[in-house]
Amino acid sequence: MAYRIVVVDDESQFLDYIVSLLPLEELDLELVLRTVSAREALKTIRRQPVDILLTDVMMGEMSGTQLAQIVHEEKPDVKILALSSYDDYDYVRTILLNGASDYLLKHRLDRASLKAALGKITDRIRLERFGQAFSAQKEEELVKAVASGDERALSNLIMELFTPLPDGAARCELLDALIALVDGMKRSEFYIDILVLRRDGLGQLLGEGDLEGFCNALLEALRLCGISQYYRQDFSKMVKLAIDLTETNWAMNLSLRDAADVLSVNADYLSRQFSKEVGVPFIEYLNGVRMKHARKMLRDGQTLKEVAFNCGFKNYSYFLKLFKRMQGLSPGDYQSMWEKVRIVKRK
């Protein structure tokens, strides 16, 4: 769903300049009105949905400060970005007190600064929309289903929430809300990558109306995330200690036998119990922990060889093969793709 914006400046040439700088496609903005009249802007905002007002402060018939104050009182959901010719704290403070979310100095205005300011505002709108996407009861049910790994309950909830929505755009909005909700669970700090990287594919299924395919793909993504492992409370003491070892020693050349020696148990017994309780072998779980740290290092710009070494892999080729097998793409492709989708993860 696009963010509807009104732009007003009583200097027609500067109005043209502002409009030319708008990052319409990048931020999914829809220009509802461009006008030199504050009163016309107010009339439009009163008559139809508007998300953002971009206004000059010093105008003749009605100042931007007056316009902001009225809009803030009548339409408090509208976010206001003010353009000021004065770099003075007291003056700027007046603008902000009258409802503006932020301000930019006109003599420093360029595409980059405008995009950054509007990006913050659209982020805020998205977060507010996410908060309204689920009722408190449904949010609680979703969190419980995701945390427990109850795929039947989660599947039922997904179909219940997405089926009544009228089109793909509305469903994609709800998908973003769901991703934000999962991200907010904050127990596994890197699992959101999987949902972000698969967001376009999930959105395509929604756009095609394939709810069953979407549900299956989403469940698969959540399964790969392994979120429920971070919420389990029923591991045996031995397995819990083994998991703790992987979380604290993932950068070392740790083996199953090393873990068994530290815990003073038989390696074969530890292997059987770990696989039974966790659902995957010890080494696979350890490599999963290494992969989440590897993904963060790649996002932070470390070289592939640095990442392999820092994650405890002595064999560089093995690291490349393992990463591709577990993540579905090479480390280099992951870095490139992350740059493309970074804007989706503005949290």
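How many bridges pair strand 4 (residues 79-84) with strand 5, and in which sense, parallel or antiparallel? The two strands pair over four bridges, in the parallel sense. Keep in mind as you look around that this is a predicted model. Let's start with the sheet, move on to the helices, and finish inside a cavity.

**The sheet**

- Five strands line up as an open sheet, and if you walk across it you meet them in the order 2-1-3-4-5.
- The pairing in this sheet is parallel.
- At the edges sit strand 2 (29-35) and strand 5 (102-105), each with pairing on one side only.
- Going from one strand to the next, the twist averages 20 degrees.
- For a spot to look at in the pairing of strands 4 and 5, find Ala82, which stands opposite Tyr103 in strand 5.

**Helices on the sheet**

- Helix 1 (residues 12-21) packs on the sheet and touches strand 1 (3-8), strand 2, strand 3 (52-56) and strand 4.
- The direction of helix 1 makes about 180 degrees with that of strand 2.
- Helix 3 (residues 64-74) lies across strand 1, strand 3 and strand 4.
- Compared with strand 3, helix 3 runs at about 160 degrees.

**Two helices that cross**

- Packed helix pairs are described by two things: the angle between the axes and the distance between them.
- Here, helix 6 (residues 136-148) and helix 7 (residues 151-162) have axes that come within 9 Å and cross at roughly 145 degrees.
- The crossing of helix 6 past helix 7 is left-handed.
- On the helix 6 side, the contact is made by Lys138, Glu141, Leu142, Ala145 and Val146.
- Helix 7 answers with Ala153, Leu154, Leu157, Glu160 and Leu161.
- Sorted by class, this contact has seven nonpolar residues, three charged ones and no polar ones.

**A cavity to explore**

- The count comes to three cavities of 30 Å³ or more, and the second largest has a volume of about 50 Å³.
- Its lining is made up of Val146, Leu154, Leu175, Leu178, Ile179, Val182, Leu195, Leu218 and Leu222.
- You've met two of these already: Val146 and Leu154 line the second largest cavity, and they also take part in the contact between helix 6 and helix 7.
- Which helix gives the most to this lining? That's helix 8, with four residues.
- Helix 8 (168-183) and helix 11 (211-225) each supply at least two residues of the lining.
- As for chemistry, the lining of the second largest cavity has nine nonpolar residues, with no polar and no charged ones.

Technical notes: Residues are numbered from 1 along each chain as its sequence is written. This is a predicted model: local features need pLDDT of at least 70, side-chain atom pairs count only at pLDDT 80 or more; totals for chains, interfaces and linings use all residues. Side-chain values use heavy atoms; hydrogens and water are left out. On a 1 Å grid over the protein atoms alone, a cavity is a set of points where a 1.4 Å probe fits but cannot get out, and a pocket is an open set with protein on both sides within 12 Å along at least five of seven lines; lining residues have an atom within 4 Å of a point. Grid points are joined across faces, edges and corners, and a volume is the space filled by probe spheres set on the points. Ala, Val, Leu, Ile, Met, Phe, Trp, Tyr, Cys and Pro count as nonpolar, Asp, Glu, Lys and Arg as charged, and the others, Gly among them, as polar. Axes are lines fitted to C-alpha atoms, for helices over the stretch in contact, and angles run from 0 to 180 degrees between N-to-C directions. A crossing is left-handed if the near helix is turned anticlockwise from the far one by less than a right angle, and right-handed if clockwise. Contact means heavy atoms within 4.5 Å. Two strands pair if DSSP finds at least two bridges between them.
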